[in-house]
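Visitor: I should like a close look at a single part of this structure, namely one strand pairing and what lies around it. Please take me through it in a connected account.

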Amino acid sequence: MTLHWVPATERIDLLADPVAAALSEIEPEIGQVEVAEIDPGLADTAAFCERYGVTLDESANCVVVAAKRGGETRYAACMVPATMRVDVNGVVRRHLDARKASFAPMDDAVRLTGMEYGGITPLGLPEEWPILVDTHVARHARVVIGSGVRRSKLAVSGAALAGLKRAEVLSLAG
């Protein structure tokens with residue numbers, strides 16, 4: 001099955017509300033963002049890639065991390081290639097100057113982002129969250145990411161993700 005990509009601004013019905021709102025503010029800065037409708041049961045990266053013929057190298061995941069220090073919890077988003085694991089307890093914890101870092105609980109990630117689990121994306125995240133973009137993602141000409149909902153995917157350049165206001169590019173692997 002092939003994907004039918006269209007400008008995301010033409011199909012905001014395929015985006016979570018925070019993503020649609022952010023898109024109107026950032027698209028001129030980062031270039032065109034495209035969206036394609038998918039089977040929501042195939043939103044998980046491996047199943048999506050197998051069904052739609054997208055390689056894992058072309059896909060990136062957005063991982064929400066909870067960083068704790070002194071009784072305070074701060075959140076961050078990490079954009080990593082689907083072929084890689086985030087070094088949450090090493091690279092990310094140190095970068096966020098936290099005593100402890102872990103993947104945010106699913107319920108917290110969904111509640112705080114206003115997005116569906118399995119579709120969380122860096123577009124439209126809360127203003128105070130840093131967006132950590134792995135160097136491999138930043139170099140990618142076109143990467144497939146979540147859209148905020150499980151029934152679609154976005155395609156955007158890695159440079160666009162690296163160019164987001166709160167984005168920081170670093171190597172997120174251990």
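Guide: Strands β7 and β8 (residues 152-156) pair in the antiparallel sense, and four bridges join them. Within this pairing, Val143 has Val156 of β8 standing opposite. The model is a predicted one, and the account that follows describes that prediction.

The pairing belongs to an open sheet of four strands, ordered β1-β2-β8-β7 with antiparallel pairing. The edges of this sheet are formed by β1 (6-7) and β7 (143-146), each of which pairs on one side only. As a general matter, strands of a sheet pair through backbone hydrogen bonds, in either a parallel or an antiparallel sense.

Helix α2 (residues 45-52) belongs in the same picture: its buried residues pack against β7 and β8, and also against β3 (60-69). The buried residues in question are Thr45, Phe48, Cys49 and Tyr52. Because these residues cover an arc of only 95° around the axis, they are placed on the same side of α2. The general geometry of an α-helix is relevant here: with 3.6 residues a turn, residues three or four places apart point the same way. On the other side of α2, Ala46 and Glu50 are exposed. The helix is thus described by a buried side, with Thr45, Phe48, Cys49 and Tyr52, and another side on which Ala46 and Glu50 are exposed. Just after α2, Gly53 takes a positive phi of about 70°.

A parallel arrangement is found elsewhere, around strand β6 (residues 131-134), which is covered on both faces. Ile131 and Val133 are buried on one side of β6, and Leu132 and Asp134 are buried on the other. Strand β4 (residues 72-81) runs parallel to β6 and is joined to it by three bridges; here Ile131 in β6 is the bridge partner of Ala77. Strand β9 (residues 167-170) also runs parallel to β6, with four bridges between them, and Val169 in β9 is the bridge partner of Val133. Ile131 and Val133, both buried on one side of β6, therefore each take part in a bridge, Ile131 with Ala77 and Val133 with Val169.A last feature concerns the surface. Met106, Val110 and Tyr117 make a nonpolar surface patch of about 270 Å². Of these, Met106 lies in helix α4 (residues 106-113), and Met106 counts as partly exposed because its relative accessibility is 42%.

Definitions and conventions:
Residues numbered from 1 in each chain as written. Predicted model: local features only at pLDDT ≥ 70, side-chain atom pairs only at ≥ 80, totals over all residues. Heavy atoms only, no water. Buried < 20%, exposed > 50% of the residue type's maximum accessible area, 1.4 Å probe, protein only. Helix = DSSP H or I, 4+ residues; strand = E, 2+ residues; numbered from the N terminus. Pairing = 2+ DSSP bridges. Patch = residues over 30% accessible without salt bridge, like charges linked within 9 Å, V, L, I, M, F, W, Y side chains within 5 Å. Areas by Shrake-Rupley, 256 points an atom, 1.4 Å probe, with all protein chains shown as cover. Salt bridge = Lys/Arg side-chain N within 4 Å of Asp/Glu carboxyl O. Arc of directions from axis to C-beta. Contact = heavy atoms within 4.5 Å.
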